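Work through the exercises below with the sequence and the model at hand. Each task is followed by a solution in steps.

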Amino acid sequence: NEGDNPILIFRQDGGMVDSAIYHSTAPSNNDLHIASAINMVFSTSTNGRYASATPKMVINDTGEVGIGTTEPNDDAILELSSSDQGFMLPRVASTSLPTVTSAHNGLMLYESDTHRLKIVANGEWETVSFEA
């Protein structure tokens, strides 16, 4: 039946539905949804066992995403946390920059051939410069 949408429901001790994985045609056709009553926590393990997996990423109930933290700051839509790793911007050659007519203000990238940070501001590519 085309009206049926498959669903896996997860409950704690037979209680209310806590989370689900399901197929839906809304908001667009053939979407896969993963839903949680509170937070969605993504965990990994170095020994291949889920029971010893530790949280690596969270999407909390208000929409903030934390990578390297399970409690992202309420003031940020995305918080990256690490004591020994950095954030890598997309690297694009200057000949392959998106056109400014298609790029939105705030788009940022690393221009790989010129070794410059670039950001779109007021509809133009600008170079981020640093003074010593």
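The exercises go from the whole chain to a pocket and then to single residues of this predicted model.

**Exercise 1. Overall form**

Task: Determine which secondary structure elements the protein has, and decide whether the protein is a compact globule or more spread out than one.

Solution:
- Step 1. Count the elements: the protein has 11 strands and zero helices.
- Step 2. Read their order from the N terminus: β-β-β-β-β-β-β-β-β-β-β.
- Step 3. Compare the radius of gyration with the globule rule: the value is 21 Å, and the rule gives 14 Å for 132 residues, so the protein is more spread out than a compact globule.
- Step 4. Add the outer dimensions: along the principal axes, the C-alpha atoms fill a box of roughly 60 × 40 × 30 Å.

**Exercise 2. Burial, surface and contacts**

Task: State what percentage of the residues is buried, how the accessible surface is made up, and what percentage of the contacts with a separation of 6 or more joins residues 24 or more positions apart.

Solution:
- Step 1. Apply the cut-off for buried, which is under 20% relative accessible area. Of the 132 residues, 16% are buried.
- Step 2. Take the accessible surface, which comes to about 10,200 Å². Carbon and sulfur atoms hold 53% of this surface.
- Step 3. Take the contacts with a separation of 6 or more: 3% of them are between residues 24 or more positions apart.

**Exercise 3. The largest pocket**

Task: Give the volume of the largest pocket, list its lining and sort the lining residues by class.

Solution:
- Step 1. The volume of the largest pocket is about 160 Å³.
- Step 2. Its lining consists of Ile-67, Gly-68, Leu-80, Ser-81, Ser-82, Gln-85, Gly-86 and Phe-87.
- Step 3. Sorting this lining gives five polar residues, three nonpolar residues and no charged residues. Gly is placed with the polar residues in this scheme.
- Step 4. Locate one of the lining residues, Phe-87. Phe-87 sits in the loop that joins strand S7 (78–80) and strand S8 (91–92).
- Step 5. Classify Phe-87: its relative accessibility is 58%, so Phe-87 is exposed.

**Exercise 4. Positive phi outside glycine**

Task: For His-115 and Asn-122, give the phi angle, the location and the exposure class.

Solution:
- Step 1. His-115 is not a glycine, yet its phi is positive, at about 60 degrees.
- Step 2. The loop between strand S9 (108–111) and strand S10 (116–121) holds His-115.
- Step 3. The cut-off for exposed is over 50% relative accessible area. His-115 has 58% relative accessibility and therefore counts as exposed.
- Step 4. Asn-122, also not a glycine, has a positive phi of about 55 degrees.
- Step 5. Asn-122 belongs to the loop between S10 and strand S11 (124–128).
- Step 6. With 75% relative accessibility, Asn-122 is exposed.

**Exercise 5. The surroundings of Pro-55**

Task: Find where Pro-55 lies, which residues it touches, and whether it counts as exposed or partly exposed.

Solution:
- Step 1. Pro-55 is part of strand S5, which covers residues 54–59.
- Step 2. Leaving out residues up to four places away in sequence, Pro-55 touches Val-41, Phe-42, Ser-43 and Thr-70.
- Step 3. Take one of these partners, Thr-70: the C-alpha atoms of Pro-55 and Thr-70 are 6.9 Å apart, with their positions 15 residues apart in sequence.
- Step 4. The relative accessibility of Pro-55 is 45%, so Pro-55 is partly exposed.

**Exercise 6. Sequence separation and distance**

Task: For Met-16 and Ser-96, give the location, the exposure class and one C-alpha distance.

Solution:
- Step 1. Met-16 is in the loop between strand S1 (7–11) and strand S2 (17–24).
- Step 2. A relative accessible area of 71% makes Met-16 exposed.
- Step 3. Met-16 and Ile-77 are 61 residues apart along the chain, and their C-alpha atoms are 29 Å apart.
- Step 4. Ser-96 is in the loop between S8 and S9.
- Step 5. Ser-96 is partly exposed, at 48% relative accessibility.
- Step 6. From Ser-96 to Tyr-22, the separation is 74 residues in sequence and 38 Å between C-alpha atoms.

Terms used:
Residues numbered from 1 in each chain as written. Predicted model: local features only at pLDDT ≥ 70, side-chain atom pairs only at ≥ 80, totals over all residues. Heavy atoms only, no water. 1 Å grid on protein atoms, 1.4 Å probe; cavity = no way out; pocket = protein on both sides within 12 Å on 5 of 7 lines; lining within 4 Å. Points joined across faces, edges and corners; volume = space filled by probe spheres on them. Helix = DSSP H or I, 4+ residues; strand = E, 2+ residues; numbered from the N terminus. Rg over C-alpha atoms; globule rule 2.2 N^0.38 Å. Buried < 20%, exposed > 50% of the residue type's maximum accessible area, 1.4 Å probe, protein only. Contact = heavy atoms within 4.5 Å. Areas by Shrake-Rupley, 256 points an atom, 1.4 Å probe, with all protein chains shown as cover.
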